[in-house]
Amino acid sequence: MNPGARAAADTPANDVPAAITFFGGKGGVGKTTLAAAAAIGLADAGWRTLVISTDPAHSLGDAFGLPLEDSPRQLSENLWAAEPDAEAAVQRRVKQVTEDAESALPREIMPAVRRHLAHATATPGMGESALADLLIDAMDRVPGEWDRLIVDSAPTGHLLRMINLPALLTPWVEGLVRQRERVASADSLVAGMVGSQERDPAEQDPLLEKLRARRGKLEGAAARLRADACVQLVLLPRHMVLAETERAADQLAGAGFRLGPVVLNQVPDRPDPRVVEAARNRFEPQGVLELPLAEEEPVGIARLRSLGVFRHP
């Protein structure tokens with residue numbers, strides 16, 4: 001640990017890090033820096049670790065001092081990092097949806113479908129949904145290709161939407177499945193009335209199969225986030241930041257997510273003792289790691305390593 005850091009609780013020697021760790025908090029508190037530092041700590045401990053950014057305004061590459069792209073880049077023996085391209089993911093999704101629609105819908109309505117998709121591409125929800133898909137893809141590769149996943153999240157509100165998105169999207173997909181099943185059942189009834197010997201359309205509908213597969217994928221992701229993931233909130237020793245962090249902690253815990261130790265970051269030599277004591281008392285159950293205000297900006301693997309962000313339940 002950084003000699004200047006203070007941990008409110010000791011870490012058991014056999015403590016096993018969570019499979020998936022999110023770093024969240026208000027904007028500008030140092031989430032990206034600490035996510036990168038934590039990933040370095042896990043990699044140094046022998047875990048094959050991937051750290052990715054789900055913040056549309058990526059800065060993970062700036063923290064490492066290295067350019068990052070959509071595909072993971074290996075930075076050291078056990079460390080990979082990536083900045084997923086949400087815009088490219090949106091375009092891939094629109095292309096796939098268009099192909100599915102062309103195989104399932106009458107040709108005459110496809111111009112309207114394409115206009116709708118073009119409009120939907122510009123909505124903020126599409127970007128979040130695409131990033132959620134990229135996150136789920138990364139989760140599916142842990143364990144396996146990697147042992148541990150660190151997620152550098154966007155500010156608090158975005159983090160809450162991101163980790164709740166699988167559960168939020170599931171009812172929507174279920175609605176599409178029910179609609180499609182009704183159409184397939186109607187087709188089956190008509191086929192029976194005319195004496196067709198073909199198989200039940202509901203059993204061979206490729207669009208229905210894809211909707212069912214997506215529903216299963218989202219349900220699995222939502223369950224796994226609650227079982228295998230933890231969230232480490234980052235805050236600065238300021239009243240407003242503490243208040244937002246407390247609300248985020250309550251919302252996350254209420255939604256069934258596990259909270260890891262809170263990081264009280266950039267603590268100056270003479271902080272407001274009321275804020276520091278309030279943070280220690282509020283987050284004592286999960287532990288508080290206090291990091292001093294650094295004289296130099298911790299950019300690059302060597303300086304990030306010196307932060308000593310090591311605690312992962």
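Here is a short walk through the charged side chains of this predicted model, from its salt bridges to a patch of like charge on the surface.

Let's begin with the salt bridges. A search of the whole structure turns up eleven of them, and a few are worth visiting one at a time.

A good first stop is helix α7, which spans residues 206-228. Here R224 pairs with D228, and their closest N and O atoms lie 2.9 Å apart. The two residues are four positions apart in the helix, so about one helical turn separates them. Their surroundings can be read from the accessible areas: R224 counts as buried because its relative accessibility is 17%, under the 20% cut-off, whereas D228, at 29%, is partly exposed.

Next, look at E290 and R280, whose side chains form a salt bridge with an N to O distance of 2.7 Å. This pair links distant parts of the chain, ten residues apart: E290 belongs to strand β10 (residues 288-292) and R280 to helix α9 (residues 273-282). With a relative accessibility of 6%, E290 counts as buried, while R280 is partly exposed at 25%.

Two further stops involve arginines. E296 and R303 meet in a salt bridge at 3.2 Å, N to O, and R303 is partly exposed, with 38% relative accessibility. R282, for its part, joins E246 and D250 in a network of salt bridges.

Finally, turn to the surface, where E69, D70, D85 and E87 gather in a patch of negative charge. Of these residues, D85 sits in the loop between β5 (79-82) and α3 (86-104). Its relative accessibility is 35%, so D85 counts as partly exposed.

Terms used:
Residues numbered from 1 in each chain as written. Predicted model: local features only at pLDDT ≥ 70, side-chain atom pairs only at ≥ 80, totals over all residues. Heavy atoms only, no water. Patch = residues over 30% accessible without salt bridge, like charges linked within 9 Å, V, L, I, M, F, W, Y side chains within 5 Å. Areas by Shrake-Rupley, 256 points an atom, 1.4 Å probe, with all protein chains shown as cover. Salt bridge = Lys/Arg side-chain N within 4 Å of Asp/Glu carboxyl O. Lys, Arg positive; Asp, Glu negative; His and termini not counted. Charge placed at Lys NZ, Arg CZ, Asp CG, Glu CD. Buried < 20%, exposed > 50% of the residue type's maximum accessible area, 1.4 Å probe, protein only.
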